[in-house]
Amino acid sequence: MDKKEERMHLLQRLFDDFTLLEIGKSIGDEYALRFNDLGYDEAYNYFDRLSLLERLASRLSDDQLVSIVDKYREELPPDVAFIGRYYTYMPDNRRLYIKSIWDHLRKKIWELCRDYGDLAYRVLDKLIKMKRDWSYYSDVEYPRLIRSLAEEHGISRDDADSIISVLRELYIVRLEGDLIKIFREAREFLDELYIELDRKCLSAKPSETE
């Protein structure tokens, strides 16, 4: 996705409806100004969230985005991250950075290959092939993933859990109940990385990857 679309997903991830409307009003957006604080216009029509997101993504500059995130940082979700091609937001300090950490994530994936060899590739391969794509995220059924890894590749539950735990720490995946969520920007990272994975991981043995 391009920078504008990524900005839309970032705003959608971090802010609820009323905060988005408040942000729109603060920058004088004509569409946002049509609605009251409850989100209704004079004819009692509720504002369209996607329309507002698109307008904000078009109008806000990078500097404005950083300032807005800083302004609302105490109200932002404590466990939400964003690892985009253009933007990075981590919940540890609740700050937005106009840069990507994909190179850092690649390094961490190679470390997985070093530690687990082709098992790391098999888990990532299954995640990519089993994901069901929605509008801004994908999901994979965790029990089905574990069962498939065991039946097709003989990967133990402990090894699969350990590899997935690292992916969770890197915010590449997020566990919600029985589903592994892969948000849009992380999904793009995995798809881009996938071409490199078979070359590095499949040829690696534990503790021998460069």
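This report describes three helix pairings and the largest pocket of a predicted model.

**Helix pairs**

The table sets out how the helices of each pair lie relative to one another.

| Helix pair | Axis separation | Angle |
|---|---|---|
| H7 (residues 118-130) and H8 (residues 142-153) | 11 Å apart | about 125° |
| H2 (residues 17-26) and H4 (residues 49-59) | within 10 Å | roughly 40° |
| H8 and H9 (residues 157-169) | within 10 Å | roughly 125° |

Helix H8 appears in two of these rows, once with H7 and once with H9, and its two contacts can be read together. The axes of H7 and H8 make an angle of about 125°, and the two helices are therefore oblique to each other. The crossing in which H7 passes H8 is right-handed. From H7, the residues Arg122, Val123, Lys126, Leu127 and Met130 take part in the contact, and from H8 they are met by Arg144, Leu145, Ser148, Leu149, Glu152 and His153. Sorted by class, the residues of this contact comprise five nonpolar, two polar and four charged.

On the H9 side, the axes of H8 and H9 cross at roughly 125°, and that makes H8 oblique to H9. Here too the crossing is described as right-handed, with H8 passing H9. Tyr142, Leu145, Ile146 and Leu149 of H8 make the contact with Arg157, Ala160, Asp161 and Ile164 of H9. The contact of H8 with H9 contains six nonpolar and two charged residues, but no polar ones. Leu145 and Leu149 of H8 are thus listed in the contact with H7 and again in the contact with H9.

The remaining pair joins H2 and H4, whose axes cross at roughly 40°; H2 and H4 are therefore oblique to each other, and their crossing is left-handed. In this contact Asp17, Leu20, Leu21, Ile23 and Gly24 of H2 meet Arg49, Leu52, Leu53 and Leu56 of H4. By class, six of these residues are nonpolar, one is polar and two are charged.

**The largest pocket**

The largest pocket holds about 220 Å³ of space. It is lined by 14 residues, and those closest to its centre are Asp79, Arg168, Tyr171, Val173 and Arg174. Several secondary-structure elements contribute to the lining: strand E6 (174-176), strand E7 (179-183) and helix H10 (184-201) each supply at least two residues. In terms of class, the lining of the largest pocket is made up of eight nonpolar and six charged residues, with no polar residue among them.

Note on methods
Residues are numbered from 1 along each chain as its sequence is written. This is a predicted model: local features need pLDDT of at least 70, side-chain atom pairs count only at pLDDT 80 or more; totals for chains, interfaces and linings use all residues. Side-chain values use heavy atoms; hydrogens and water are left out. Axes are lines fitted to C-alpha atoms, for helices over the stretch in contact, and angles run from 0 to 180 degrees between N-to-C directions. Helices (H or I, at least four residues) and strands (E, at least two) are DSSP runs, numbered from the N terminus. Angles under 35 degrees count as roughly parallel, over 145 as roughly antiparallel, 65 to 115 as roughly perpendicular and the rest as oblique. A crossing is left-handed if the near helix is turned anticlockwise from the far one by less than a right angle, and right-handed if clockwise. Contact means heavy atoms within 4.5 Å. Ala, Val, Leu, Ile, Met, Phe, Trp, Tyr, Cys and Pro count as nonpolar, Asp, Glu, Lys and Arg as charged, and the others, Gly among them, as polar. On a 1 Å grid over the protein atoms alone, a cavity is a set of points where a 1.4 Å probe fits but cannot get out, and a pocket is an open set with protein on both sides within 12 Å along at least five of seven lines; lining residues have an atom within 4 Å of a point. Grid points are joined across faces, edges and corners, and a volume is the space filled by probe spheres set on the points.
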